[in-house]
Amino acid sequence: MDDKNLYPAMIGKLRKMLADSTVQIAALQAQIDILAKENQRLTDQLNKDDDNGNA
């Protein structure tokens with residue numbers, strides 16, 4: 001197979017890899033958002049306990 005025939009296949013594979021990576025990044029961003037909210041909730045609870053003299 002010469003290079004001219006190989007390039008479209010390579011480009012197609014790279015596009016699929018990029019699309020898969022984009023989906024994975026979106027999923028990771030969603031998980032980060034969830035963890036950030038949980039972290040904020042726990043921090044708020046800790047600060048509330050500190051303000052009330054509880055530990």
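The following paragraphs describe the fold, the surface and the charged side chains of a predicted model.

Residues are numbered from 1 along each chain as its sequence is written, and side-chain values use heavy atoms, with hydrogens and water left out. In this predicted model, local features need pLDDT of at least 70 and side-chain atom pairs count only at pLDDT 80 or more, whereas totals for chains, interfaces and linings use all residues.

The secondary structure of the protein consists of one helix and zero strands (DSSP runs numbered from the N terminus, with H or I over at least four residues for a helix and E over at least two for a strand). The radius of gyration is 23 Å, well over the 10 Å given by the globule rule for 55 residues, so the protein is more spread out than a compact globule. Here the radius is taken over C-alpha atoms, and the rule is 2.2 Å times the number of residues to the power 0.38. Along the principal axes, the C-alpha atoms fill a box of roughly 75 × 10 × 10 Å. Helix α1 covers residues 3-51 and contains Ser-21. The C-alpha atoms of Ser-21 and Leu-35 are 21 Å apart in space, with these positions 14 residues apart in sequence numbering.

Of the 55 residues, 0% count as buried (buried is under 20% relative accessible area, exposed is over 50%, and partly exposed is in between, for a 1.4 Å probe and protein chains only). The exposed area of the protein is about 5,200 Å², of which carbon and sulfur atoms supply 60%; areas come from the Shrake-Rupley method with a 1.4 Å probe. Ser-21 counts as partly exposed, at 34% relative accessibility.

The protein carries 7 positive and 9 negative side chains, and the centres of the two sets are 12 Å apart. Lys and Arg count as positive and Asp and Glu as negative, without His or the chain ends; charges are placed at NZ of Lys, CZ of Arg, CG of Asp or CD of Glu.

Two salt bridges are found in the whole structure (a side-chain nitrogen of Lys or Arg within 4 Å of a carboxyl oxygen of Asp or Glu). One joins Asp-20 and Lys-16, at 3.0 Å from N to O. These residues are four apart in helix α1, about one turn. Asp-20 is partly exposed at 37% relative accessibility, while Lys-16 is exposed at 51%. Arg-41 and Glu-38 also form a salt bridge, their closest N and O atoms being 2.7 Å apart. Both lie in helix α1, three residues apart, again about one turn. Arg-41 is partly exposed at 44%, as is Glu-38 at 35%.
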